[in-house]
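Trainee: I'm new to this one, and I'd like a close look at a single part: the side-chain contacts. Could you walk me through them?

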Amino acid sequence: MLLEKIEQLLKEVNELKASNAEEIEALRVKYLSKKGEISALMNDFRNVAADQKKAVGMKINELKQTALQRINELREQTACQESENEGIDLSRTSYPIEMGTRHPISIVTNEIIDIFSRMGFTLADGPEVEDDLHVFTKMNFAADHPARDMQDTFFVETNPNDVTKNIILRSHTSSVQARVMDVNQPPIRVICPGRVYRNEAITARAHCFFHQIEGLYIDKDVSFTDLKQVMLTFAQELFGPETKIRLRPSYFPFTEPSAEMDISCHICGGKGCGFCKHTGWVEILGCGMVDPNVLELCGIDSKVYSGYAFGVGVERITNLKYLVNDLRLFSENDVRFLHEFESAN
């Protein structure tokens, strides 16, 4: 019986495998330590008949030598593999990893922020889930203004006793301007980038969420001329030094006077093409002088201070720069679309 056990252990030892030093040490302990398999055989050796002790003893020695030899071979193999792999990161995947790219919305957002930062504007941020007070009331929206309607605004929680406490998804980043004016006195010069939400059907030209960058400057003796110069500088920095602008009268509840700003078409240079509908001009933003009511609602003396505000749609600017004809592409995460912007990073 003991000889059979030795033969079984010999077969196991000859087939030993290990891939690292820890596994080799575990095999050594199992077979060659004082409490290992081979040492345990010596306890049974005492009970072997005298005429068989020589044969059995020789077989045990053979097993011990075979185990030592096999473990030493495994050590040499492991050492060779570690030497070959030296300097190689074994944690890396076996296939090449492609470099990522910034999203086109992020590219344009960062470019716009950089332009206004160089003009002295600082960043301001606020919550996307807002109250009616900061989104509408302090921005001079009348109580029956259509923008408050369920067709335009996502309502999270309504308060029938006080609409200013309605909880909504902000429909513009003007709410950040209101929060800045609540806690700061002029001079104020901020830009407010962020995502906004409106209850609109999703098409190639519209989406229920998009991105804005709004700006606000309030100080003494701020004029429409100051606004025009900043807007011209912004347009020429973004689209090139030959870019021209024009301001058309418009209406916004929070500015008076208000204007829509167009730039000369950067595709045809203002000569007229299909992109600008043969007018030579493309609309890019809305702007105007801050309505005195807004200043007063936010705790700023409108008799002492004046200011201007503007709002830029990031998707709109991205469309103009990269000629993307479907807004849905910005939120579908199609890597084929994103790869087109690798050179813009």
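Mentor: Here is a walk through the charged pairs, then the rings, then one helix that shows how side chains are sorted. Keep in mind that this is a predicted model.

Let's start with the charges. The structure has 13 salt bridges, and a few are worth a visit. Go to arginine 70 and glutamate 73, whose side chains meet in a salt bridge with N and O 3.1 Å apart. Both sit in helix H4 (residues 53-84), and since they are 3 residues apart there, about one helical turn separates them. Arginine 70 is buried, at 18% relative accessible area. That falls under the 20% cut-off for buried. Glutamate 73 is partly exposed, at 31%.

Now move to aspartate 262 and arginine 248. They form a salt bridge too, with their closest N and O atoms 2.6 Å apart. Here the partners come from two strands: aspartate 262 belongs to E8 (residues 255-264) and arginine 248 to E7 (residues 245-252), so the bridge ties together parts that are 14 residues apart in sequence. Aspartate 262 is buried at 2% relative accessibility, while arginine 248 is partly exposed at 29%.

Then look at aspartate 334 and arginine 336, a salt bridge whose closest N and O atoms are 2.8 Å apart. Aspartate 334 is partly exposed, with a relative accessible area of 24%, and arginine 336 is exposed, at 63%. Some bridges also share partners: Arg246, Arg248, Asp262 and Glu283 are joined that way into one network. So you have met two of its members already, Arg248 and Asp262, as a bridged pair.

On to the rings. The count of aromatic pairs comes to 11. Take phenylalanine 116 and phenylalanine 234: their ring centres are 4.9 Å apart and their planes lie at 20°, so this pair is stacked. The two come from distant parts of the chain, with phenylalanine 116 in helix H5 (residues 104-117) and phenylalanine 234 in helix H8 (residues 224-239), 118 residues apart. Phenylalanine 116 is buried, at 0% relative accessibility, and phenylalanine 234 is buried at 0% as well. If you follow the ring pairs further, they link Phe116, Phe121, Phe234 and Phe310 into a cluster.

Charges and rings meet as well. The charged end of arginine 189 sits over the ring of tyrosine 217, 4.2 Å from the ring centre. Likewise, lysine 321 has its charged end over the ring of phenylalanine 239, 6.0 Å from the centre of that ring.

Last stop: helix H1 (residues 2-14). This helix has 13 residues and reaches 19 Å from its first C-alpha to its last, close to the 18 Å expected at 1.5 Å a residue. Its buried residues are Leu2, Ile6, Leu9, Leu10 and Val13. Look down the axis of H1 and you'll find that these buried residues fall within an arc of 105°, so they line one face of the helix. Turn the helix around, and the face pointing away from that buried side carries the exposed residues Glu4 and Lys11.

Key: Residues numbered from 1 in each chain as written. Predicted model: local features only at pLDDT ≥ 70, side-chain atom pairs only at ≥ 80, totals over all residues. Heavy atoms only, no water. Salt bridge = Lys/Arg side-chain N within 4 Å of Asp/Glu carboxyl O. Helix = DSSP H or I, 4+ residues; strand = E, 2+ residues; numbered from the N terminus. Buried < 20%, exposed > 50% of the residue type's maximum accessible area, 1.4 Å probe, protein only. Phe/Tyr/Trp six-rings, centres within 6.5 Å; stacked < 30°, edge-to-face > 60°. Lys NZ or Arg CZ within 6 Å of the ring centre and 35° of its normal. Expected span 1.5 Å × (residues − 1). Arc of directions from axis to C-beta.
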